[in-house]
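Open the model in your viewer and keep the selection panel at hand. The stops below say what to select and what is there.

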Amino acid sequence: MQLAERMSKIKPSATFAISSRARELRAQGLEVINFSIGEPDFHTPEHVCQAAIEAIRQGFTKYTPVGGIEELKDAIIAEFEKYYGLSYERSQVIVSCGAKHSLYNLAQVLFNPGDQVIVPAPYWVSYPDIVRLAGAEPVVVPTLEENDFKLTAAILEDHLTERCRGLILNSPSNPTGTVYSSEELAELAEVVLQHRLLVISDDIYYRILFDGLNWNSLAMLDDELRQYTIVVNGVSKTYAMTGWRIGYLAAPAEIAAAVNKIQGQNTSNPNSIAQKAALAALTGPQEAVQYMVDKYEQRRQLMLSLLEKIPGVRAFRPAGAFYVFVNCSAFYGRSFASDTIENSVDLASYLLEKAQIATVPGIAFGEDGYLRFSFATSVQVIERGLELLSTALSQLH
């Protein structure tokens with residue numbers, strides 16, 4: 001059977017591929033330390049679960065408006081007012097089946113074949129393929145660890161062409177955990193406005209910040225810039241609700257209407273029960289969020305301190321999210337038995353098969369010298385996993 005040509009342009013998600021293999025090894029009775037999946041290990045807060053149960057009991061199991069129920073939109077609007085200082089109308093907010101769905105819908109309505117979209121690397125694994133599925137071309141722009149993996153105005157300017165239509169910006173970043181300051185965003189904003197770029201601001205980790213950092217987003221800088229910025233967010237990471245699949249976006253009304261139109265032809269409305277759960281998450285008690293962030297910060301410090309003790313690795317200190325991006329390139333060219341480690345895929349495979357440690361190869365994020373480790377897991381898992389990591393790496397010669 002001949003598949004559509006677009007299928008040859010995209011790759012399977014590396015993070016889910018690694019997690020799938022980890023599950024296979026567990027099914028064989030092996031202990032696997034999973035640092036690969038970007039998912040909180042905490043349970044969804046109880047009041048959120050109760051709201052979903054109540055929705056079922058009340059029969060809230062029918063179709064809803066395509067772009068989400070009004071109560072949830074109002075809660076999202078209140079969230080933007082609280083954390084962004086921005087006012088949106090219901091017509092500017094669309095609720096989708098996860099932030100990834102919002103990103104996919106945006107690419108479909110914003111980009112044409114031949115358009116170029118700037119994607120700073122390291123990037124979240126799905127950005128380039130989401131752009132390609134719209135027929136557009138992702139322009140991957142490398143950033144440097146010595147610059148905290150941040151896109152600068154000068155680098156952005158150097159990579160722009162007359163075909164560039166958009167920019168995808170993720171802060172806090174997956175996989176690096178880097179966070180842009182308001183000053184750094186302001187410098188990027190000058191280029192954005194000069195070239196009239198559409199910016200998709202992926203803010204999914206906006207509540208997971210460390211070291212007392214304040215939240216900043218490009219849309220917050222000024223009213224003119226806001227007309228070129230679409231904010232994507234959701235409840236998955238903040239409230240440990242990855243499986244509930246509720247994301248949302250805020251955009252100029254014309255763009256929001258287009259997203260609503262295309263969503264009406266692909267998924268229709270997001271899950272009705274999950275919408276009620278998301279409403280409870282946004283409007284209910286927030287103590288669980290701070291508890292989780294405090295735990296992430298403790299785990300981050302533990303992971304960094306243990307990685308520092310392993311010869312040959314260099315960990316980048318994240319300012320947000322729940323990942324450590326680890327430079328492991330010193331082990332490339334080394335061997336175990338008859339196999340030689342040539343790249344991040346080889347090293348991730350070696351660690352998974354020989355030491356039962358699941359990580360994500362950096363090449364999946366556009367940076368081959370690194371592995372991504374998630375610290376959204378327990379202290380015990382981190383300690384045991386990094387002990388196994390140290391042993392496994394010491395066996396490469």
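Start by selecting Ile341 and the residues it touches: beyond the neighbours up to four places away in sequence, these are Phe331, Tyr332, Gly333, Arg334, Asp346, Leu347, Tyr350 and Leu396. The model is a predicted one. Ile341 sits in the loop that runs between strand S12 (339-340) and helix H12 (344-355). Is Ile341 buried or exposed? Its relative accessible area is 4%, so Ile341 is buried. Now add Ser329 and draw a C-alpha to C-alpha distance from Ile341: the two are 9.6 Å apart in space and 12 residues apart in sequence.

**Aromatic pairs**

Next, select the aromatic side chains, among which there are 22 aromatic pairs. Begin with Tyr205 and Tyr323. Their ring centres are 5.8 Å apart and their planes stand at 85°, which makes the pair edge-to-face because that angle is over 60 degrees. Tyr205 belongs to the loop between strand S6 (198-202) and helix H8 (223-226), while Tyr323 is in strand S10 (residues 323-327), so the pair ties together parts that are 118 residues apart in sequence. Both Tyr205 and Tyr323 are buried.

Move to Tyr206 and Trp215. Here the ring centres lie 6.0 Å apart and the planes are at 70°, so this pair is also edge-to-face. Tyr206 is buried, with a relative accessible area of 2%; Trp215 is buried at 11%. Widen the selection to Phe80, Tyr83, Tyr84, Tyr88 and Tyr248, which together with Tyr206 and Trp215 form one aromatic cluster.

Stay on Tyr88 and show Arg226. Arg226 lies over the face of the Tyr88 ring, at 4.2 Å from the ring centre. For another charge over a ring, select Lys276 and Phe60: Lys276 lies over the face of Phe60, 4.7 Å from the ring centre.

**Cavities**

Turn on a cavity display. How many cavities of 30 Å³ or more are there? The count is four. The largest cavity has a volume of about 140 Å³. Its lining has 17 residues, and those nearest its centre are Pro120, Pro122, Asn170, Ser173 and Tyr180. Colour strand S3 (116-121) and strand S5 (164-170), the elements that give two or more residues to this lining. Colouring by class gives 11 nonpolar residues, six polar and no charged ones in the lining of the largest cavity.

The second largest cavity holds about 50 Å³ of space. To outline it, select Leu169, Asn170, Ser171, Leu185, Ser201, Asp202, Asp203, Trp215, Asn216, Ser217 and Leu218. S5 and S6 are the elements that give two or more residues to this lining. By class, the lining of the second largest cavity has four nonpolar, five polar and two charged residues. Trp215, one of these lining residues, is also a member of the aromatic cluster.

**A buried lysine**

Select Lys150, in the loop between strand S4 (137-142) and helix H6 (153-159). With a relative accessible area of 11%, Lys150 is buried. Leaving aside neighbours within four places in sequence, its contacts are Thr143, Thr178, Val179, Tyr180 and Glu184. Of these contacts, Tyr180 has already appeared among the residues nearest the centre of the largest cavity.

**Pockets**

Switch from cavities to pockets. The largest pocket contains about 470 Å³ of space. Which residues lie nearest its centre? They are Phe16, Gly38, Lys100, Trp124 and Lys237, out of 25 lining residues. Helix H1 (14-27) and helix H4 (99-110) are the elements that give two or more residues to the lining. H4 provides the largest share, three residues. The lining of the largest pocket divides into 10 nonpolar, nine polar and six charged residues.

Finish at the second largest pocket, with a volume of about 330 Å³. It is lined by 16 residues, and closest to its centre are Lys11, Pro12, Ser13, Val125 and Asp129. H1 and helix H5 (127-133) each supply at least two lining residues, and H5 gives the most, with four. This lining has 11 nonpolar, two polar and three charged residues. To end, show both pockets with H1 coloured: H1 contributes to the lining of the largest pocket and to that of the second largest.

Definitions and conventions: Residues are numbered from 1 along each chain as its sequence is written. This is a predicted model: local features need pLDDT of at least 70, side-chain atom pairs count only at pLDDT 80 or more; totals for chains, interfaces and linings use all residues. Side-chain values use heavy atoms; hydrogens and water are left out. Buried means under 20% relative accessible area, exposed over 50%, partly exposed in between (1.4 Å probe, protein chains only). Contact means heavy atoms within 4.5 Å. On a 1 Å grid over the protein atoms alone, a cavity is a set of points where a 1.4 Å probe fits but cannot get out, and a pocket is an open set with protein on both sides within 12 Å along at least five of seven lines; lining residues have an atom within 4 Å of a point. Grid points are joined across faces, edges and corners, and a volume is the space filled by probe spheres set on the points. Ala, Val, Leu, Ile, Met, Phe, Trp, Tyr, Cys and Pro count as nonpolar, Asp, Glu, Lys and Arg as charged, and the others, Gly among them, as polar. Rings of Phe, Tyr and Trp (its six-membered ring) pair if their centres lie within 6.5 Å; planes under 30 degrees apart count as stacked, over 60 as edge-to-face and the rest as tilted. A charge sits over a ring if NZ of Lys or CZ of Arg is within 6 Å of the ring centre and within 35 degrees of the ring normal.
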